[in-house]
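Subject: Structure handover

Hello,

Here is the structure we talked about. My notes follow below it.

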Amino acid sequence: MELVLMDAPPTTAYLQIYTNKRCQANCRFCSQAAGANGDMKQIARGQYIPSDLAEVVRRLGIAYERGYLRRACIQTAMYAKMWQDTTYLISRIRETSPIPISLSVFPLSDEKYAALKDMGVDELVVPLDACSSELFSRIKGKEADSIYNWDTHLDGIRRAVRIFGRGSVGTHLIIGMGESGRDALGVIDELHTDGVYSALFAYTHLPGTRNVAANLNINHYRTVQLGAYLIRKGLASFADMTFRDGKVVDFGISHTEMLRYVEVGDAFKTTGCPDCNRPYATETHQETFNFPIDPNADEIKMIKEQLGIME
Ligand code: SF4
């Protein structure tokens, strides 16, 4: 956690517990997967450099106190000591600072969810990553030689809502792994009805990971972002939208309304837990999928072109 100048500084500290053991799961996109041989310090475009725990916790406390950071996010992997390591890190952070904590984890028991809440985790995220049960099986379930199961993940999300409350449980969805707009907006709408928010990520191929039949393109990504925004804000639902060959052809709102919502720009900003902006998590200097700050007038113009919207 060094002080560096950026045009869009992160508002959340992203932490990953370091272990030299690979995760017991085998998600195709992940460099920490059991069957991957990639750099275990990389998640999407983020580099997680091993650092001294006491120093990380000390600087996190200072950064929160001075208003540089507003949240800490802990990413976990599945390995034998995961629970002990995760709860130890949470307790060390809590000893030093009241900074809000998000935890991204595979489904746990109700007792463990309750223990995490008591320790001070305020946002619990169970990443589905894939947008349909078929894709989930191919990317991180049975067909990927992995241990996860769509129904178990959905059950883990819904149980978490009962403990953490509506609006305090989320999921991660990676766009561009072969899903259609219909798949993505269908699951986002279903989860929204259950009180669960969806954080969108752009698929990033990492060296040493297995192949994914990727379909990432900016028009698809923007369409999902706009549809997700309408659902999140209660402006339209999946049932209002029309799809052809899996693509949205009508969002269920007028053209004037659509232009107005696009011009507000919020739809294209990073989504997820409060104060999570993830600058450059999946972006390059050439292509921004999630804007960490409000898009400017030139960027809004570009977004309209990417969506194929005429004035
Ligand atoms: S949405 Fe952001 S803060 Fe929340 S778990 Fe995901 S990366 Fe962390």
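The shell around the ligand holds 5 nonpolar, 6 polar and 3 charged residues. Please keep in mind that this is a predicted model.

The ligand is surrounded by 14 residues. Cys73, Ala199, Gly272, Cys273 and Cys276 are the closest. Four strands each give two or more residues to this shell: S4 (71-75), S5 (101-104), S6 (121-125) and S7 (169-175).

Next, the sheet. It is open and has 6 strands, in the order S1-S4-S5-S6-S7-S8, with parallel pairing. S1 (12-16) and S8 (196-202) are the edge strands; each has a single partner, so one side of each has no neighbour in the sheet. From one strand to the next, the twist averages 25°. S4 and S5 run parallel and are joined by 4 bridges. Gln75 sits opposite Ser104 in S5.

Helices pack on this sheet. H2 (residues 82-96) touches S4, S5 and S6, and its direction makes about 170° with that of S4. H5 (residues 150-164) lies across S6, S7 and S8, at about 145° to S7.

Then the core. The largest nonpolar core counts 80 residues, and Leu124, Ile139 and Ile175 have the most contacts inside it. Helix H7 (residues 218-232) gives the most to this core, with 7 residues. Leu124 touches several residues beyond four places away in sequence, among them Leu103, Tyr113, Phe164 and Val169.

Last, Asp298. It is in helix H9 (residues 297-307). Asp298 counts as exposed because it has 8 C-beta neighbours inside 10 Å, and the cut-off for exposed is 12 or fewer. Asp183 is 115 residues from Asp298 in sequence and 30 Å from it in space, C-alpha to C-alpha.

Best wishes

Definitions and conventions
Residues numbered from 1 in each chain as written. Predicted model: local features only at pLDDT ≥ 70, side-chain atom pairs only at ≥ 80, totals over all residues. Core = buried A, V, L, I, M, F, W, Y, C linked by C-beta atoms within 7 Å. Buried ≥ 20, exposed ≤ 12 C-beta atoms within 10 Å, placed from the backbone. Contact = placed C-beta atoms within 7 Å. Near = placed C-beta within 6 Å. Nonpolar A, V, L, I, M, F, W, Y, C, P; charged D, E, K, R; others polar. Pairing = 2+ DSSP bridges. Axes fitted to C-alpha atoms, helices over the stretch in contact; angles between N-to-C directions.
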